[in-house]
Amino acid sequence: MARFMTLQDIGTFALLTGVTGLLPSVAGLGLNFFLSRALVGLDHERAIRLTFDRMVITLIASLIACALAVVLAGAGLVDIPLPLAIVSGIIILELAGFDIQMALLARSRSTFANFLLFFRTGFWPLPFMMAAYAFPSLRNVTDLGVFWLGGLVVSHIVTWVVYKKSIISVFKSVSQWKADFLRGLGSSIWKIYLSDLGLAGSVYIDRFIISYFLGLYFVGAYFFYSSIINSIYIVCMAATVQIYQPEMRKAFSEGGINQLHVDLVEKLKKTVLVTFVMFAISMPMIYAVCLVTGKSDIMKYFYIVPILMVSYLAKIVSDFLGVALASAEHDGYYAYFNMVNLVITSVLCVILVFALGVTGAALANLFAGLAMVAIRVMHWRKVVV
């Protein structure tokens with residue numbers, strides 16, 4: 001994309017992915033947190049039933065989001081660079097795909113969950129690049145959106161093929177839907193909702209701040225590197241934290257906070273080692289990718305790569321500690337720290353982007369990541385003692 005499209009186009013794509021990244025938190029109402037906890041240890045039939053309850057709410061939320069997008073675009077309040085039909089399809093399928101992934105992870109189906117994630121995020125750019133190479137007229141954001149929607153469709157087709165019998169059995173009893181999933185959540189749902197907004201906001205807020213202060217060109221340059229490093233981070237998460245999450249919940253259920261702490265220390269060491277090695281191996285590969293783009297405008301910002309790598313290493317440690325808090329049912333602190341993370345990231349990003357440009361965005365993520373590691377470690381020590 002960076003080789004055959006402009007940095008402004010890449011910046012536009014970055015904002016689009018930022019919006020879709022925020023949608024599961026904005027429209028998700030914090031429910032995936034409780035769903036993930038509830039699904040651990042359930043029999044298959046009951047797990048499917050609870051997931052279906054969640055998906056009904058997801059469908060309603062996604063339709064509201066689509067209607068809102070149409071209204072805002074029609075009123076001229078939002079400039080959407082894709083046809084509304086494509087935008088609506090992406091919204092609905094992205095929200096459904098994210099919720100299915102969370103349910104699968106809670107059921108220790110991390111391999112299949114990430115297989116679906118690959119189709120949603122990693123597969124469709126490959127045919128798009130080949131088509132755009134052969135047909136230069138496709139090198140635009142609209143056609144990119146068509147391939148994006150295609151990847152989402154493939155992901156859900158695969159889900160249907162694997163879980164066809166279970167899905168059909170649930171649909172036969174759709175008239176009996178009683179929203180059992182919502183019962184007993186109480187007021188804590190609002191804490192988790194704000195927490196989810198903090199989690200997603202701290203990941204995507206930087207590109208919107210860069211866009212406001214510097215413009216799409218600089219968003220494209222920054223996103224080029226941050227997206228590559230984020231993809232490595234996702235691989236590390238899939239190999240460690242996603243697998244450990246249900247195991248840590250089980251450790252707490254069986255042995256309390258002390259058993260969870262032992263499990264945490266052991267798994268955190270493995271997580272840090274895996275992430276450090278992956279980043280070290282990736283450094284020369286990222287430089288090679290920069291050369292392939294043939295754009296000096298991208299090459300001159302390569303120096304932010306090590307800064308972003310350290311910030312994402314801190315992020316995975318912070319996220320791991322957050323999972324530990326959630327496993328120990330410290331929902332209030334879990335939510336509070338996620339909101340604090342968003343505030344710290346936003347404030348630092350505004351100040352440093354204004355002062356230092358793209359470099360400031362990388363430094364803001366680094367300082368925010370280190371601050372959150374320190375905050376969560378101090379709290380965890382109090383919990384264990």
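Which residues is Asp99 in contact with, leaving aside its neighbours within four places in sequence? We will work that out in Exercise 1, after a short note on the model.

This is a predicted model, where local features need pLDDT of at least 70 and side-chain atom pairs count only at pLDDT 80 or more, while totals for chains, interfaces and linings use all residues. Residues are numbered from 1 along each chain as its sequence is written, and side-chain values use heavy atoms, with hydrogens and water left out.

**Exercise 1. Place Asp99 and list its contacts.**

Step 1: Find Asp99 in helix α4. Helices here are DSSP runs (H or I, at least four residues; strands are E, at least two), numbered from the N terminus.

Step 2: Look at its exposure. Asp99 has a relative accessible area of 3%, so the residue is buried. The cut-offs are under 20% relative accessible area for buried, over 50% for exposed, and partly exposed in between (1.4 Å probe, protein chains only).

Step 3: Collect its partners. Beyond four places in sequence, Asp99 is in contact with Asn32, Arg54, Met55 and Thr58. Contact means heavy atoms within 4.5 Å.

**Exercise 2. Find out how confident the predictor is along the protein chain.**

Step 1: Take the average. The protein chain has a mean pLDDT of 86, and 95% of the residues score at least 70. pLDDT is the predictor's confidence in each residue, from 0 to 100.

Step 2: Look for the extremes among the elements. The lowest mean pLDDT, 75, belongs to helix α8 (residues 164–172), and the highest, 93, to helix α15 (residues 358–384).

**Exercise 3. Describe the largest nonpolar core and one of its well-connected residues, Tyr225.**

Step 1: Start with the core itself. It has 92 residues, and those with the most contacts inside it are Tyr222, Tyr225, Ile229, Met248 and Ile286. A nonpolar core is a set of buried Ala, Val, Leu, Ile, Met, Phe, Trp, Tyr and Cys residues joined through side-chain atoms within 4.5 Å.

Step 2: Ask which helix gives the most to this core. With 15 residues, that is helix α13 (residues 304–327). Apart from this core lies another, of 13 residues, among them Ile48, Ala96, Val158 and Tyr163.

Step 3: Turn to Tyr225, which is found in helix α10. Its relative accessibility is 1%, so Tyr225 counts as buried.

Step 4: Look at the partners of Tyr225. Leaving aside neighbours within four places in sequence, they include Ile286, Cys290, Phe302 and Leu308. A polar atom of the Tyr225 side chain also lies 2.5 Å from the backbone oxygen of Ile298.

**Exercise 4. Work out how helices α10 and α11 meet.**

Step 1: Compare the axes. Those of helix α10 (residues 216–239) and helix α11 (residues 241–293) come within 6 Å and cross at roughly 145°. Axes are lines fitted to C-alpha atoms, for helices over the stretch in contact, and angles run from 0 to 180 degrees between N-to-C directions.

Step 2: Name the hand. α10 passes α11 in a right-handed crossing. A crossing is left-handed if the near helix is turned anticlockwise from the far one by less than a right angle, and right-handed if clockwise.

Step 3: Pick out residues at the contact. They include Phe224, Tyr225 and Ile229 of α10, along with Met278, Ile286 and Cys290 of α11.

**Exercise 5. Trace the surroundings of Arg139.**

Step 1: Locate Arg139 in the loop between α6 (125–134) and α7 (141–162). Its relative accessible area is 24%, so Arg139 is partly exposed.

Step 2: List its contacts. Not counting neighbours within four places in sequence, Arg139 is in contact with Phe4, Met5, Ala132 and Tyr133. Met5 is 134 residues away from Arg139 in sequence, yet 6.2 Å away in space, C-alpha to C-alpha.

Step 3: Check the polar atoms. The Arg139 side chain reaches the backbone oxygen of Ala132 at 2.8 Å, and one of its polar atoms lies 3.4 Å from the backbone oxygen of Tyr133.

**Exercise 6. Identify the polar contact between the side chains of Asn341 and Ser202.**

Step 1: Find Asn341 in helix α14 (residues 331–356). At 11% relative accessibility, Asn341 is buried.

Step 2: Read off the distance. The side chains of Asn341 and Ser202 are joined by a polar contact of 3.3 Å. A polar contact is a pair of N or O atoms within 3.5 Å; within protein, one must be able to donate a hydrogen and the other to accept it, and residues adjacent in sequence count only if both atoms are side-chain atoms.
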